[in-house]
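Reader: I would like a close look at one part of this structure, namely the packing of two helices against each other, and after that an account of what surrounds them. Please take the helix pair as the starting point and work outwards from there.

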Amino acid sequence: MLNLTVFLVLSTIVIFSAIKMLSVRNVLHATYWLLLTAITAAGIIWFLGAEFIAITQLLIYAGAVGILTIFALMVTVRTEGELIRSRDLSLAAAICASAFFGLMAYAITTSPSLMRVTEYDPPTFAEFGATLFALDGWVLPFELVALVLTVALIAAVWWTREVRKGGDES
Amino acid sequence: MSTETMSTVGMWSTAFVHVSCILAIMIFNGGITIYMLRKVLGHLHLRLGPTELGPAGIAQLIPDILKLLVKEDRHPNRTDYWLYCLAPAMVFMPVLAAYAALPFSETLIAADIHLGLLMTLGFVSLVPLGVFAAGYASRNKYALIGAMRAIGGSISYEIPLILACVVPVMLAGSLNLREIVLAQQASIWFVIPALPSAIIFFICALMETGQVPFDMAESESELISGFSTEYSAMRFGFMYLAEFSGNFVMAAIMVSLFLGGWTLPFVPDAIAAPIAPVIFVAKCYLIIFCFMVVRGTLSRYRVDQFAALGFKKLIPITLIWTLVFAIGFKVFTMWGGGA
């Protein structure tokens with residue numbers, strides 16, 4: 001499905017928009033570059049045959065994260081000037097990023113399993129779900145993850161209530 | 001040419017044909033919906049709607065479209081230029097992509113994929129981002145307020161919308177819209193066992209498409225069309241077209257999930273099958289007609305009432321109903337075997 005031309009075009013867009021996302025100073029523009037990165041990455045994943053992950057990428061990273069980022073900007077930013085961020089050009093960050101890039105490059109080029117052409121078809125969504133929710137499969141970890149989200153939600157509610165109470169007392 | 005190049009060329013040309021067909025559908029749908037909107041809202045308000053041009057005013061469409069096409073493309077001076085120019089495309093493209101998985105008949109689908117429903121909803125959920133881009137880039141406070149409301153609405157209504165789809169998916173055991181329709185053909189329309197889901201979906205679809213009780217982002221009378229205030233000519237035309245196409249997509253999802261898609265009850269398959277796309281489209285316009293009746297009847301919610309309805313009522317009701325239904329369905333299938 002994924003031929004070299006398509007891959008090159010898509011990956012160029014991903015890399016370009018990722019760089020733009022980091023380099024533009026308007027946070028809102030950065031959000032839209034992030035969106036383009038996520039959608040194009042979803043395109044690559046789609047052409048690789050992992051439909052479910054591509055659509056999840058679209059729903060979660062492009063849809064939900066994009067909307068939530070804008071929502072966060074909406075409730076925190078009061079003037080247009082606050083949307084403009086300063087560029088962080090710290091040396092430590094550059095070293096960390098290069099080190100991480102080196103590590104990833106080393107891991108990808110040296111591990112043979114990632115370069116292998118798979119002979120089986122990617123599992124369909126139904127098989128994926130059956131494995132995920134089988135009683136002897138991943139249902140317990142899945143439920144635990146859901147519990148973590150619930151705890152986070154309750155914590156967020158509790159936290160905001162506490163702040164408001166403090167505001168009333170002062 | 002090698003076979004691989006041939007198949008690549010074939011793939012891209014098929015894709016081109018599909019996209020052209022969808023664009024044609026979108027444009028026709030735009031025309032039909034504008035005319036319907038005028039006539040239906042007119043009669044609801046005890047007036048006639050357009051009457052002068054052509055029989056029953058149907059030729060009114062031609063000057064309307066011409067006006068959009070030939071109008072000067074002006075834009076305010078201090079917009080966020082690139083975002084301003086791209087925003088109509090950002091509203092338009094996701095809706096265009098959302099058509100891909102709609103099953104007009106058993107064979108007439110642009111992209112018959114396992115996760116059609118999820119993909120359609122995924123694309124539809126990108127629309128508010130384009131709306132926000134339009135509102136922000138216009139550098140106009142009314143436009144910005146409208147755009148913020150669109151994002152707020154998306155946050156409160158996307159969850160019940162997607163949860164409302166869960167019940168028919170459970171009944172059919174598939175996320176493919178075609179298979180969901182086939183499952184209804186084999187049993188009954190899912191609107192009967194899943195009526196609460198259908199009602200919740202209808203309400204959320206009204207919200208998702210920005211129809212009147214929930215047209216917070218547009219609010220003609222308070223925000224002067226909200227996010228699209230600063231747009232004119234064909235840029236505005238694209239947003240308008242995307243809005244009408246959004247109506248059609250939501251109506252089509254509702255028809256596929258709850259109203260049996262291209263099938264008819266009590267009509268043998270041999271008669272219904274040749275006119276399947278006609279049945280499907282007719283049902284879609286019936287749903288759009290219902291949207292319009294609601295639109296012409298109710299008045300706009302206040303912003304706080306709107307958020308409260310989403311968060312405090314629709315989400316809990318949908319969660320509880322889905323849970324109750326899931327337990328009931330599981331018990332039923334364990335005892336009775338097959339729904």
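Author: In this predicted model, helices H9(B) and H13(B) are roughly perpendicular to each other, because an angle from 65 to 115 degrees counts as such and their axes cross at roughly 70°. The axes come within 11 Å, and H13(B) covers residues 276–297 of chain B. On the side of H9(B) the contact is made by B:Phe202, B:Ala205 and B:Leu206, while H13(B) brings B:Ile287, B:Cys290, B:Phe291 and B:Val294 to it. Sorted by class, these are seven nonpolar residues, with no polar and no charged residue in the contact of H9(B) with H13(B).

From H9(B) the view can be widened to the enclosed space in the structure. The structure holds one cavity of 30 Å³ or more, and the space in this largest cavity amounts to about 420 Å³. Helix H9 (195–208) of chain B is among the elements that give two or more residues to its lining, together with helix H3 (81–98), helix H5 (127–137), helix H6 (141–164) and helix H11 (233–258) of the same chain. H11(B) gives the largest share of that lining, seven residues. Of the 30 lining residues, B:Val127, B:Val131, B:Glu208, B:Thr209 and B:Gly210 lie nearest the centre of the cavity. The lining is mixed in class, with 18 nonpolar, six polar and six charged residues.

Helix H6 of chain B also takes part in the lining of the second largest pocket, in which about 2600 Å³ of space lies. Among the 50 residues lining this pocket, A:Phe142, B:Ile159, B:Ile162, B:Leu163 and B:Val166 are the closest to its centre. Both chains supply elements with at least two lining residues each, including helix H3 (51–76) and helix H7 (139–169) of chain A and helix H14 (303–336) of chain B. By class, the lining of the pocket has 35 nonpolar, 12 polar and three charged residues.

The last step outwards is the contact between the chains, which takes 29 residues from chain B and 27 residues from chain A. About 2400 Å² of area is buried between them, and carbon and sulfur atoms give 82% of this. On the side of chain B, B:Leu115, B:Leu129 and B:Tyr136 supply 22% of the area that this chain buries against chain A, more than any other three residues.

Note on methods. Residues are numbered from 1 along each chain as its sequence is written. Chains are lettered from A and ligands numbered from 1 in the order in which they are written. This is a predicted model: local features need pLDDT of at least 70, side-chain atom pairs count only at pLDDT 80 or more; totals for chains, interfaces and linings use all residues. Side-chain values use heavy atoms; hydrogens and water are left out. On a 1 Å grid over the protein atoms alone, a cavity is a set of points where a 1.4 Å probe fits but cannot get out, and a pocket is an open set with protein on both sides within 12 Å along at least five of seven lines; lining residues have an atom within 4 Å of a point. Grid points are joined across faces, edges and corners, and a volume is the space filled by probe spheres set on the points. Helices (H or I, at least four residues) and strands (E, at least two) are DSSP runs, numbered from the N terminus. Ala, Val, Leu, Ile, Met, Phe, Trp, Tyr, Cys and Pro count as nonpolar, Asp, Glu, Lys and Arg as charged, and the others, Gly among them, as polar. Axes are lines fitted to C-alpha atoms, for helices over the stretch in contact, and angles run from 0 to 180 degrees between N-to-C directions. Angles under 35 degrees count as roughly parallel, over 145 as roughly antiparallel, 65 to 115 as roughly perpendicular and the rest as oblique. Contact means heavy atoms within 4.5 Å. Buried area is the accessible area (1.4 Å probe) that two parts lose on being put together, summed over both.
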